[in-house]
Amino acid sequence: MKIDRVVVHPLSLPLAQPLKTSIHDIRSVDTVLVEMQASGGAVGLGYCFAFGPRRARALQALVEDLAPIYEGAEATATRALFDRAWRSLNFLGHAGVAVMALCALDTACWDLAAQSANLPLWRFLGAERNRVPAYASSGLWLHRSIDELVAEARRFVAAGHRAMKMRLGKTRAGEDLERARALREALGPDVKLLADVNQGWDEATAIRTGRALEEIGLFWLEEPLPYEDLEGAARVAAALDTPIASGETEYGWVGMKRYLDARAADILMPDLQRMGGVTGYLRAVDLCDAYHTPVSSHLFVEVSGHVVAAASHATLLEHMDWWQELFDDRLAVVDGHVVLPDRPGIGVGLDRKALARFRA
Ligand SMILES: [Mg+2]
């Protein structure tokens, strides 16, 4: 299967509800979607995104710059093409928009490669299972009242979820704990509750508040400190019984190695676009295995689900619904598991009407 052409779609997807964390106040997800067209009419899909239309235009420029590496190449040459693109980015650096742009192309290429084998991507990657334990992430934001949090948590359970993530980082002392208690009480002991600080604390706050939160039995406490403070994160991880999850903001598998070497987290959650796509994500996953560290995901559930399915040391998959409107099929959530499609490739097709509706 030969890649004929890369078509780039700049899109802006409005969020059903604004995203508010300790560092975000966001209304739309500015997305660059790659449609990789191959001989025989097959189409591979990949995407990357930024918050802000001008930033997304920078992403788009990098996607268009890298596209000729893929055009005319064999779709099964996923790793070779990735390595060529990666080397070509040496001067710009292996972080930021360049790596995110590569993600969209690399993902679309893997989609095509799996299609050429007539296999869903999870099978193509060697997975045995098409059901991956997941947690609901599209909610429980920081601006919600306690009543709203509880109502939303109940909606997640009704939708089939058995795990969900709240956000922490309220300014009034004790408020985070109050909110977590209310959720734990409403959910009971059998639903997993996760909490994300989005880098909002310093080390002393993380240890103090983390200790107070131990009674909640959080499944994990995420990004307590600024992402680059690896030594601080390692001290927090050592001080708390609650597992620390981190890594979504770091770039590349070498970045993941820095986290692992520093013991900065108990669980690593590589972000697909900061890994440069499926190729880099697979390398990060194998590194985590070498360090006996469970691995999770960040966003991109349509793609990450396949990689997580193939990792026997994976823990929960993040289920975020931001892009589902773009596709002709939604991933089912059954009894706390995301069910991956049986169609070849990543297994979701483009909804052309949505494409027109969200055009930036
Ligand atoms: Mg996070």
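A magnesium ion sits in this predicted model, held by D196 (OD), E222 (OE) and E248 (OE) at 1.9 to 2.2 Å. One of those donors, D196, belongs to strand 6, and strand 6 runs parallel to strand 5. So here's a quick tour: the metal site comes up, then the strand pair, then two loop residues with a backbone angle worth a look.

**The magnesium site**

- Along the chain, the donors of the magnesium ion follow the spacing D-x25-E-x25-E.
- D196 and E248 bring distant parts of the chain together, since they lie 52 residues apart.
- While D196 is in strand 6, E248 is found in the loop between strand 8 (244-246) and helix 9 (252-262).
- D196 has a relative accessible area of 2%, and because the cut-off for buried is under 20%, D196 counts as buried.
- E248 falls under that cut-off too, with 8% relative accessibility, so it is also buried.

**Strands 5 and 6**

- Strand 5 covers residues 163-167, and 5 of its 5 residues are buried.
- In a regular strand, side chains alternate between the two faces of the sheet.
- For strand 5, that puts A163, K165 and R167 on one side and M164 and M166 on the other, with both faces covered.
- Strand 5 is joined to strand 6 (residues 192-196) by 5 bridges, and the two run parallel.
- If you want a spot to start looking, A163 has K192 as its bridge partner in strand 6.
- To get from strand 5 to strand 6, the chain passes through helix 6 (residues 175-187), making a right-handed β-α-β crossover.

**Two residues with positive phi**

- Most residues other than glycine have a negative phi.
- H292 isn't a glycine, yet its phi is positive, at about 55°.
- You'll find H292 in the loop between helix 10 (278-290) and helix 11 (301-309).
- With 72% relative accessibility, H292 is exposed, because the cut-off for that is over 50%.
- D335 also has a positive phi without being a glycine, this one about 50°.
- Look for D335 in the loop between strand 11 (332-334) and strand 12 (337-339).
- D335 has a relative accessible area of 48%, so it counts as partly exposed.

Conventions
Residues are numbered from 1 along each chain as its sequence is written. This is a predicted model: local features need pLDDT of at least 70, side-chain atom pairs count only at pLDDT 80 or more; totals for chains, interfaces and linings use all residues. Side-chain values use heavy atoms; hydrogens and water are left out. Buried means under 20% relative accessible area, exposed over 50%, partly exposed in between (1.4 Å probe, protein chains only). Helices (H or I, at least four residues) and strands (E, at least two) are DSSP runs, numbered from the N terminus. Two strands pair if DSSP finds at least two bridges between them. A crossover is right-handed if, with the strands pointing away from the viewer, the path from the first strand over the helix to the second runs clockwise. Donors are N, O and S atoms within 2.8 Å of the metal (3.2 Å for Na, K and Ca); water is not among the atoms, so sites may look incomplete.
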